[in-house]
Amino acid sequence: MGLFSNKIKREELKAGDHIYSWRNAYVYAHHGVYVGDGMVIHFTRGAGQEIGTGTVLDRIIFSSSPARPSDNPCPRCGDYWRDDGVILSCIDCFLYGGELYLFEYDVSPALFLAKPRGGTCTLAKSDPPEDVVHRANFLLQNGFGVYHVFNNNCEDFAIYCKTGLLVITSLSVGRSGQAASLLAAVSAVVSSPLRYLTTSCTGLAAVGYGMYCASGLVSDIGVRRDVAKVPVERLVAHPSLDDASLASDSNAKEG
């Protein structure tokens, strides 16, 4: 792996790895947790379903779970493509012809800022692989709530499995670096008063990119203060936990 690519070979994968693959000509990436034996647990809306944001995104981003003909199911996955929510599929179906990438944890701020694309790394530290796989399998059986492209998406799922961290406020995006990057890019273009300090194209580009990087950094799950460590059993038992309840668990340890 390098600065501009987190590409990894299949034989290098380990159970508990957070992996992803780009979709629709690098418009967005689909994320999941590798659990061994060539299988991946991931979170999706289900084949052929729109993401339901009420925005233009509904026209360009569809389910990350590929639709297969009912008479030609995957020999390993069966009819998983009919499902939505947290699903188990083979790595071939997860990749859907795309390349395999490894999401990085515990990166330095310098490396995070140097990455040209959000949703590929975080400053947060990963928990041990056995904890990651336990969370993924538990959520496979019990679900991860309702899919939402900004607040509860496939990257949010994988990051929670890796860290146990949840955002405890309702006035922000979730843990997803992709969602944070999108909002950061929009903010850099339309919301910055600094754009009036320069009229050159180079200056505008520098200001915009600086804001994009800074916004991505402060939104990262590894530096945010509105997060709490929530045991997966408590998350599933109380899916409607309020901010106060989540905050009281910020120092809780998973059993």
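## A walk from the β2-β3 loop through the sheet and the cores

Let us start at D37, which sits in the loop between β2 and β3. The model we are looking at is a predicted one. D37 has a positive phi of about 60° although it is not a glycine. Is this residue buried or exposed? D37 counts as exposed, because its relative accessibility is 64%. There is a second aspartate to look at alongside D37: D106, in the loop between β5 and α3. D106, again not a glycine, has a positive phi of about 60°. With a relative accessible area of 46%, D106 is partly exposed.

Before going further, it helps to step back to the whole chain. The protein has 255 residues, and 49% of them count as buried. Nine helices and seven strands make up its secondary structure elements. If you take the contacts between residues at least 6 apart in sequence, 62% of them join residues at least 24 apart.

Now for the sheet. Five strands form an open sheet, and reading across gives the order β4-β3-β2-β1-β5, with antiparallel pairing. Which strands stand at the edges? They are β4 (85-90) and β5 (101-102); each has a single partner strand, so one side of each is left without a neighbour in the sheet. Helix α5, residues 154-163, packs on this sheet and touches β1 (18-23), β2 (28-36), β3 and β4. The direction of α5 makes about 35° with that of β2.

Going strand by strand, β3 (residues 39-44) and β4 run antiparallel and are joined by six bridges. Within this pair, M39 stands opposite C90 of β4. C90 is also a good place to ask about cysteines: how many disulfides does the structure hold? The count is zero. The cysteine sulfur closest to that of C77 belongs to C90, but at 3.5 Å it is too far for a bond, given that a disulfide calls for sulfur atoms within 2.5 Å. C77 is buried, with a relative accessible area of 14%. C121 is buried too, and its relative accessible area is 7%.

On the other side of β2 comes β1, and this strand deserves a slower look. Six bridges join β1 to β2, and the two run antiparallel. The hairpin they form has four residues between the strands, and in it N24 takes a positive phi near 50°. β1 also pairs with β5 in the antiparallel sense, over two bridges. Y20 shows both pairings: its bridge partner in β2 is H31, and its bridge partner in β5 is Y101.

Why can β1 be called largely enclosed by the rest of the structure? The reason is that six of its six residues are buried. Both faces are covered, with H18, Y20 and W22 buried on one side and I19, S21 and R23 buried on the other. Y20 has a polar link as well, since the side chain of N6 makes a polar contact with the side chain of Y20 at 3.4 Å. N6 lies in the segment before β1 and counts as buried, at 2% relative accessibility.

From here we can move to the nonpolar interior. The largest nonpolar core has 27 residues, and V33, L139, F144 and F157 touch the most other members. The elements that give two or more residues to this core are β2, β3, β4, α4, α5 and α8 (232-237). The helix we met packing on the sheet, α5, gives the most to this core, with five residues. F157 is a handy residue to click on: leaving aside residues up to four places away in sequence, F157 touches V33, I41, H42, F43, V86, A136, L139 and F144. A second, separate core has twelve residues, among them Y105, L165, I221 and V227.

Our last stop is D127, in the loop between α3 (109-114) and α4 (129-142). Unlike the exposed D37, D127 counts as buried, because its relative accessibility is 16% and the limit for buried is under 20%. Which side chain does the side chain of D127 meet in a polar contact? That of R135, at 2.6 Å. Not counting residues up to four places away in sequence, D127 touches V132, R135, K162, T163, G164 and K229.

Note on methods: Residues numbered from 1 in each chain as written. Predicted model: local features only at pLDDT ≥ 70, side-chain atom pairs only at ≥ 80, totals over all residues. Heavy atoms only, no water. Pairing = 2+ DSSP bridges. Contact = heavy atoms within 4.5 Å. Axes fitted to C-alpha atoms, helices over the stretch in contact; angles between N-to-C directions. Buried < 20%, exposed > 50% of the residue type's maximum accessible area, 1.4 Å probe, protein only. Polar contact = N/O pair within 3.5 Å; in protein donor to acceptor, adjacent residues only side chain to side chain. Core = buried A, V, L, I, M, F, W, Y, C linked by side-chain atoms within 4.5 Å.
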